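Please open the model in a viewer and keep the sequence panel at hand. The tour proceeds by selection, one site at a time.

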Amino acid sequence: MGMSQSYGQGDETESVATVHRAIELGVTLFDTADQYGRGANEELLGRALKGRRDQVAIATKFGFVPGDGGGLAVRGDAAYVHEAVNRSLSRLNVDHIDLYYQHRVDPNVPIEETVGAMAELVQAGKVRHLGLSEAGAETIRRAHAVHPITALQSEWSLWTRDIEAEILPACRELGIGIVPFSPLGRGFLTGSVTSVDNLAADDMRRTLPRFAGENFDQNLAIVDRLNALAAERGVTAGQLALAWVQRQGEDVVPIPGTKRRKYLEENVAAAQLELAAHDLAAIAATAPADAVSGDRYRPEMQKLVGR
């Protein structure tokens with residue numbers, strides 16, 4: 001996502017080089033969405049993967065559409081599912097999508113209709129596997145009854161633990177994999193964000209409650225503790241945070257985003273860290289659930305989570 005929106009200006013040359021370097025390092029899952037850059041990110045990924053399609057699995061998402069007043073709305077009706085996949089296939093320049101997610105659940109359309117239409121895409125050979133993003137436990141169960149759901153993509157990190165109470169157990173009961181996005185807390189847990197004033201003017205994090213005012217100052221204490229723990233082990237705070245998510249189970253595949261090869265290589269190295277149970281406990285202790293200050297999103301986006 002960050003290569004095309006939300007985190008300042010992108011650089012296509014570096015973005016493509018980062019994708020190629022990721023493949024060299026053994027990364028096989030590439031995640032995008034039709035919303036990222038309003039299609040530009042799918043086009044970028046399509047160009048970057050030209051000649052390399054058989055080496056990777058491509059995941060993309062549909063569902064967000066322009067809303068009133070410049071905001072976002074969600075569509076999950078059957079007709080839109082079919083429209084959206086054809087546009088994504090064209091932008092990605094592929095004949096099938098390996099994993100197709102509903103980006104957010106449409107409150108006005110039964111999940112059975114949406115997943116039923118997605119199942120038709122599997123039958124047509126346009127899609128291999130189905131996924132949901134930020135869905136609630138009951139919705140996941142209803143969806144899975146229509147067609148097997150392969151993966152749930154939801155935010156999960158040291159400072160976002162929402163899925164652990166009900167959603168994670170439901171997925172494991174049903175054999176659904178977990179794909180945590182923002183496992184580095186939108187970069188916050190790397191320690192690189194010390195002031196919102198250092199962010200680009202159009203950086204989306206400027207609009208998020210956790211990055212605002214007193215919330216930001218309180219959350220910095222988490223990073224301070226994580227930095228201290230990382231220094232003891234000779235690694236970065238980001239590597240510890242990412243490794244913690246990675247070690248939550250064999251069914252967990254985090255998707256840290258980056259625009260640059262430098263941070264890609266740091267993220268990939270985190271997968272090789274050897275962490276014992278006491279190490280994982282120490283990492284988790286840097287960010288108790290009640291220590292995180294502020295909601296993940298502004299109210300209009302927060303209400304789309306966990307439906």
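Is T286 buried or exposed? The model is a predicted one, and in it T286 has a relative accessibility of 5%; because buried means under 20%, T286 counts as buried.

**First stop: T286.** Select T286, in the loop between α10 and α11 (299-302). Leaving aside residues up to four places away in sequence, T286 touches L158, I222, R225, L226 and L229. Of these contacts, I222, L226 and L229 also appear among the buried residues of α7, which leads to the next selection.

**Second stop: helix α7.** Select residues 213-233, the 21 residues of helix α7. At 1.5 Å a residue, α7 should span 30 Å, and its end C-alpha atoms lie 31 Å apart, which agrees. Now colour F216, N219, I222, V223, L226, L229 and A230, the buried residues of the helix. Viewed down the axis of α7, these buried residues fall within an arc of 135°, so they line one face of the helix. The spacing follows a general rule: an α-helix has 3.6 residues a turn, so residues three or four places apart point the same way.

Against which elements do the buried residues of α7 pack? Display α8 (237-246) and α10 (277-285), which are the partners. Then turn to the other side of α7, where E214, D217, D224, A231 and E232 are exposed. Just after the helix, select G234, which takes a positive phi of about 70°.

**Third stop: the cavity.** How many cavities of 30 Å³ or more does a search of the whole structure find? The search finds one, and the largest cavity has a volume of about 40 Å³. To locate it, select E155, W159, R186, L208, R210, F211 and R296, the residues that line it. By class, this lining holds three nonpolar, no polar and four charged residues.

**Fourth stop: two loop residues with positive phi.** Select R38, in the loop between β1 (29-31) and α2 (40-48). Its phi is near 50°, a positive value in a residue other than glycine. R38 counts as exposed, at 72% relative accessibility.

Finally, move to N93, in the loop between α3 (78-92) and β5 (97-102). Phi of N93 is near 60°, again positive in a residue other than glycine. With a relative accessible area of 64%, N93 is exposed.

Terms used. Residues numbered from 1 in each chain as written. Predicted model: local features only at pLDDT ≥ 70, side-chain atom pairs only at ≥ 80, totals over all residues. Heavy atoms only, no water. Helix = DSSP H or I, 4+ residues; strand = E, 2+ residues; numbered from the N terminus. Expected span 1.5 Å × (residues − 1). Buried < 20%, exposed > 50% of the residue type's maximum accessible area, 1.4 Å probe, protein only. Arc of directions from axis to C-beta. Contact = heavy atoms within 4.5 Å. 1 Å grid on protein atoms, 1.4 Å probe; cavity = no way out; pocket = protein on both sides within 12 Å on 5 of 7 lines; lining within 4 Å. Points joined across faces, edges and corners; volume = space filled by probe spheres on them. Nonpolar A, V, L, I, M, F, W, Y, C, P; charged D, E, K, R; others polar.
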